[in-house]
Structures are given as C-alpha cells and as structure tokens.
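I opened this entry to record what I looked up about the contact between two chains and about one loop residue. My notes follow the display.

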Amino acid sequence: MQDSGIEVLFQGINAWRLWQGMFVSLKLAAISMALSILLGIIMGMIMTSKNWLVKAICRLYLETVRIMPQLVLLFLVYFGAAKHLGIDISGELSAVIVFTFWGTAEMGDIVRGALESIPKHQYESSYGLGMKRGQTFVYIILPQTIRSLIPAAINLLTRMIKTTSLVVLIGVVEVVKVGKQIIDASRFEIPTAALWIYGAIFMMYFVVCFPISKLSAVLEKRLQV
Amino acid sequence: MDFEFIYENIPLYMEAAKLTISIAAWGILGSIIIGLLCSMIKELRIPVLRNIVQFYIELSRNTPLLIQLFFLYFGLPKVGILLSSEACAITGLTFLGGSYMAEAFRAGIDNVAQSQRESSYSLGMTRQQTFIHIILPQAVATAMPAFIANVIFLIKETSVFSVVALADLMYVAKDLIGISYKTDEALLMLVVAYLVILLPISVIGSWIERRVRYAGFGNRSAVSGD
C-alpha cells in the first residue's frame, strides 16, 4: 500500500516540535509588539508636534520604514551591526530590534491618527477645568483614542506574526527550520514529508492569525462610535 | 567604502532588479485580476463561489508569503506538481496579492453610495450593467489609496524570493557578502536598489491618489475631503 506520508506529522514528537518552533516566532512577535505599543504611543505623541523639524524627522522615519522591505532591515542589522559595532548580535535580538523599529513607526502613525481625530474642544474643556497637560492626556484623550487604537493594534499584531516568519532567513531556529530538520531526518522513510510539513506550517500560521484578525474585525465593529 | 567594488557590481544589481521588477509586475497583474474576480463574485453574491472566495481571502491574508512559497516550491513537487522558480514566485505573489486587492476593491465598492445603485436600477440597468458601468469606475477611484499601498506592499514582499532560488536583490546582496566580505558596499547597494524601485512608485502613487480624489459622489467622507 502506498503511504501518503501524512504520518510524518504524528511520528514521535514531531507535531510538538513544530509548535515549539512556532512559539519561538510568536515570542519574538509578542516581545516586539509589546515594545512597539509602548514606544509607539510616545512616537505618536511626538508625531503630533507642530515643530516642522520634528515633523520632518518623524516623516522621514515613517517613510523609510514603510518603503524598505523588513528583510532588508533585518539584513542591515544582522550583517551590518556585527561588522560595525563589533558585537555578535543574535538573530533573535536583530529580529526584535528590527520589528520594534518597524512596529514603533506603524504604531506611532496609528496613535497619531487617533490623537488627531479627537476634537479640539476636548482639550479646551479639560484645560478649562484646570487640568494639566499630562492629566488631560491620561484621563481625557487617551481613553477616547483606545477605541480606534485597539483594533488597529491587533491588526498590526497579525502583520507582526506573519513578518516574523522572515527570521528563518537570518538563522533563527523557528518553525520552518524545525520543519526542515524533520524533513531531512525522514527523507528516506517518508519522501513526501515536505508536502505535509510545509502544509502543516501553513495551516499553523492560519490557525494563529485567523482568530486574531477576526477579533480585530469584531472589535472594530463593536467599538465604532 | 570601496567605490570601485560598487561600480563593478552595479550590473549584477541591475540584473537582479530587473528580475524583481518583472516578477513583481506579473504578480501584481495577476493579483489585480484575481482581486477583481473575487470582488465581483462577492458583489454579485454568487452562491458557493462567494464562500470559496471568502475562504481563499482569509487563508491568504492570514499566512505569510514565505510559508506559501515554501509550500509551493518544496511541498507541491512531492505530489508531482513541479513549478519553476519564476512560476512559484509569480503564483505565490498572486495568491497573496489577490486577497489584498480583493479587499481593497471591496472597500471601494462598499464606499459607493447606495443611491448610485438605486438610481442605476431605476434607470433599468441590470445588476451586471450597474456593476460594470456605475459601481466599478467609482470604486476603483475610492480604492486607489489602498490599491497603491498594496502595490508597494507586494513589491516589498518580493524580497523573500531568494528562498525559491531566484537571483533577486537579496540573493545578490547575500552572495556578494559571502564572496567578498564587503558587507557595507553590498548592503548599501541593496538599500539604494530598493529605494530606486520603490521611491518613484510611492511618489507617483500619491500623485495618482490626489488626481482621483473627485470620486465618491454622495459619499460624505470623500466630499469633506478626508
């Protein structure tokens, strides 16, 4: 009887190893996302500045990040930094640096959009009640921006997860690398392993990202003003 | 910085850039066709097909291109479907881009005011006629910003094509680093190459966006100008 080869997924701890690999990607995405949200809120506040120089610098930063493929940025940090700073940056650290750099710009732009959509009278009423700038921001403005911020941030998270798949190209051992190891190990017993392993990884990404993007869509509808 | 080295290797990058651009162009063309088909199927509410389209859109939007390429290039040959590197790259890009384009067109269609549709029906036009002559021209105009963003996104996504053994820009850069250890020069040329490709598209894109802003008649957000 001809075997389809699907058993490669259930042999030993193969499935578990694949998920472990997936968690490496997800961990990188989670760390970068957390940092991006924190730095992005600050970035967004800076982006609303009226100063033309600050504006120009922010614009340059955002456009640079938007126009350069993330893989190019990864190469710049992974290969470039090692040479110039003389330090051996691991693939994981490069990934976190690059994805945070990217995520901060995107998150900053989202925050800027949200901040600018708040009507001016909200600020004025708050100042009129004797609140300071910091108080106004924390108690009045921020809670109102959350509505548009949360769906956009969750959307960014799925993009972040999808983009972290690139880290295999700078030598991080994650789900694709583990998949390759399994395929190589079972090359002779199960020649069709590549089909099932890559198919499984494909579905794993779907299983992770689909609920998150659905959540984003639902929240966007529910939180709409 | 070794400028002689840069000068010598410019042809290599030109070759790679040409490849990147041609694959991207085919992929984007394919994406537009798939996107139009999908948005038309959803708009006309064709049973069964629209469920398939919905499934395809979710599948393609929630998986990375890199993984799609691995599946196409390393997985499919095991069941006898052998695609060349170029075919894999174009198929992958079309599979990914089709759903993004479909969503962009969809958003454009949804943005066309309901009164446009009703007026068209009352003039005796059929669903198909309304879609082709009334909805589509307006939808294309409102979908333009998302469309241009998608084009830039798809060109950026081509950077992963080295995994299917295509000698694209990333491949050349990595190769040069490996051969000559001239990391700075190779990376600089890589950045410049992507800038040369993407900057004009970004600039032309925002120019087109400004040109087509007249569309969206009876649509409040377009009239108020934001």
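Before reading any exposure value, I fixed the classes: a residue is buried under 20% relative accessible area, exposed over 50%, and partly exposed in between. The model I used is predicted.

**Entry: a loop residue.** I looked up Arg187(A) and found its place in the loop between helix 7 and helix 8 of chain A. Its relative accessible area is 40%, so I logged Arg187(A) as partly exposed. I then checked its side chain, which makes a polar contact with the side chain of Asp184(A) at 3.3 Å.

**Entry: extent of the contact.** I counted residues on each side and noted 37 from chain A and 36 from chain B. The area buried between the two chains is about 3300 Å², and carbon and sulfur atoms give 76% of that area. In chain A, I noted that Ile67(A), Leu195(A) and Phe202(A) lose the most area to chain B, together 20% of what that side buries.

**Entry: polar terms.** I listed 1 salt bridge between chain A and chain B. Lys214(A) forms a salt bridge with Glu58(B), with 3.0 Å between the closest N and O atoms. I also recorded 5 residue pairs in polar contact between the chains, both residues at pLDDT 80 or more.

**Entry: the chain A side.** Which elements give two or more residues to the side that touches chain B? I found helix 2 (52–67), helix 3 (70–84), helix 7 (175–185) and helix 8 (193–222) of chain A. Helix 8 of chain A supplies the largest share, 13 residues. By class, I noted 24 nonpolar, 7 polar and 6 charged residues on this side.

Technical notes: Residues are numbered from 1 along each chain as its sequence is written. Chains are lettered from A and ligands numbered from 1 in the order in which they are written. This is a predicted model: local features need pLDDT of at least 70, side-chain atom pairs count only at pLDDT 80 or more; totals for chains, interfaces and linings use all residues. Side-chain values use heavy atoms; hydrogens and water are left out. Contact means heavy atoms within 4.5 Å. Buried area is the accessible area (1.4 Å probe) that two parts lose on being put together, summed over both. A salt bridge is a side-chain nitrogen of Lys or Arg within 4 Å of a carboxyl oxygen of Asp or Glu. A polar contact is a pair of N or O atoms within 3.5 Å; within protein, one must be able to donate a hydrogen and the other to accept it, and residues adjacent in sequence count only if both atoms are side-chain atoms. Helices (H or I, at least four residues) and strands (E, at least two) are DSSP runs, numbered from the N terminus. Ala, Val, Leu, Ile, Met, Phe, Trp, Tyr, Cys and Pro count as nonpolar, Asp, Glu, Lys and Arg as charged, and the others, Gly among them, as polar. Buried means under 20% relative accessible area, exposed over 50%, partly exposed in between (1.4 Å probe, protein chains only).
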